[in-house]
Amino acid sequence: METWLRRYCAPHGAPTERLICFPHAGGTSHAFRGWPRRMPAGVETIVVQYPGRQDRIAERCLEDMDAMADALASELTELTDLPMAMFGHSMGSAIAYEVALRLERDLGFIVDTVFVSGRTAPHQRHGEDDHRLDDEDLVAAMRRLGGGDDDVYRNLKLWPLILPPLRSDLRLLDAYRPATLTPLQAAFVALGGQEDQTCPVADLHAWTAATTKDIEVRTFPGGHHYLVAEEADVVAAVVSRLATRPPLTSTEQDVVDIWAEHLGISGIGVDDDFFSLGGHSLVGMKILDDIDRRHHVEISPVEFYLQPTPAALAARIHQTIGTP
């Protein structure tokens, strides 16, 4: 985790869910430093640190979206033991989508919610050439976006440190031009600033193409970097959508483990739907047989099909034998 992922502070108590945050182009993990202290108990905030900046300044920047998303998906594989949400701002929204796609496609792990911020869906962008600007014009363009980095951009001694990774990120975005999006099973929430000229509010609705579910659009006062001044309200909006819940009971955990074994996927949530995860009748019967063998509770297929979640099965077991 020390390479790509940063924890600014531990969650209060044992984590029950993780929020993975992806910074903007040229950004660092520092952009989300204030988020962990605003999270409720049980939510662990982990922030991505891209190569080529701050403590990774000696590493080569990545200018290819596939390489970036593949590396991050690999890093996150070990964290699929708990429910996961993602928040990406600007460039980070596109990276969050690509990482969530890989986890779902390659591992069968479905991210609960993907929060995309300050950028329209990537299939609506057709190249961008800010990386070709000279230093002065590039700095001027970034300062126009706001975000509280004026003091940094005014210091010419910092330009050799901050402009190379910024240009690399912008090259990555220029080369990333998907014609279509693969709809994910994750829920999507699109957020933006009401005065953001780079991503008008109407453009946020384009993320509908990224999900099989309904999309929620939320807006806040401010421009492209609205989430700096509105951090408290933005985090509150994110928290309102997180699937936080108490730690699993021993019965719930056992049912989840049975599902994982028979479905062949990890990261199953206690409220996940059996059929949405690709389950079918034969697998369902094997799950019910295992439950009968381990807990001595016979559950009919009809009962299971009416409430096909680990939580419902665990409740049925508890109702019958009275153990948590």
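Q: What is the sign of phi at His296, just after helix H9?
A: In this predicted model, His296 follows directly after H9 and takes a positive phi of about 60°.

Q: How do you know that helix H9 has the length expected of a helix?
A: Helix H9 covers residues 281–295, which makes 15 residues, and from its first C-alpha to its last it reaches 21 Å, a value close to the 21 Å expected at 1.5 Å a residue.

Q: What makes one side of H9 its buried side?
A: In H9, the residues Val283, Gly284, Ile287, Leu288, Asp290, Ile291 and His295 are buried, a word that requires a relative accessible area under 20%. They cover an arc of only 160° around the axis, and therefore they lie on the same side of H9. The face turned away from that buried side carries Leu282, Lys286 and Arg293, which are exposed, and for this word the relative accessible area has to be over 50%. Among the elements that cover the buried residues of H9 are helix H8 (250–263), helix H10 (301–306) and helix H11 (310–321).

Q: Why is Cys21 called buried?
A: The relative accessible area of Cys21 is 0%, and because the cut-off for buried is under 20%, Cys21 meets it. Cys199 counts as buried too, with a relative accessibility of 2%.

Q: How do you know that Cys199 forms no disulfide?
A: A disulfide needs two cysteine sulfur atoms within 2.5 Å, whereas the closest cysteine sulfur to that of Cys199, the one in Cys21, is 18 Å away, which is too far for a bond. In agreement with this, a search of the whole structure finds 0 disulfides.

Q: What makes S1 and S7 the edges of the sheet?
A: The open sheet consists of 7 strands in the order S1-S3-S2-S4-S5-S6-S7, with mixed pairing. Strand S1 (5–6) and strand S7 (215–220) each have a single partner strand, so one side of each is left without a neighbour in the sheet.

Q: How do you know that S6 and S7 count as paired strands?
A: Two strands pair if there are at least two bridges between them, and strand S6 (residues 187–193) is joined to S7 over 6 bridges, in the parallel sense. As for a bridge with a partner in S7, Gly193 is matched with Phe220.

Q: Which strands does helix H2 touch as it packs on the sheet?
A: Helix H2 (residues 91–107) touches strand S2 (17–22), strand S4 (84–89), strand S5 (113–117) and S6, and its direction makes about 150° with that of S4.

Methods. Residues are numbered from 1 along each chain as its sequence is written. This is a predicted model: local features need pLDDT of at least 70, side-chain atom pairs count only at pLDDT 80 or more; totals for chains, interfaces and linings use all residues. Side-chain values use heavy atoms; hydrogens and water are left out. Helices (H or I, at least four residues) and strands (E, at least two) are DSSP runs, numbered from the N terminus. Contact means heavy atoms within 4.5 Å. Axes are lines fitted to C-alpha atoms, for helices over the stretch in contact, and angles run from 0 to 180 degrees between N-to-C directions. Buried means under 20% relative accessible area, exposed over 50%, partly exposed in between (1.4 Å probe, protein chains only). The expected span of a helix is 1.5 Å times one less than its number of residues. The arc is that of the directions from the helix axis to the C-beta atoms.
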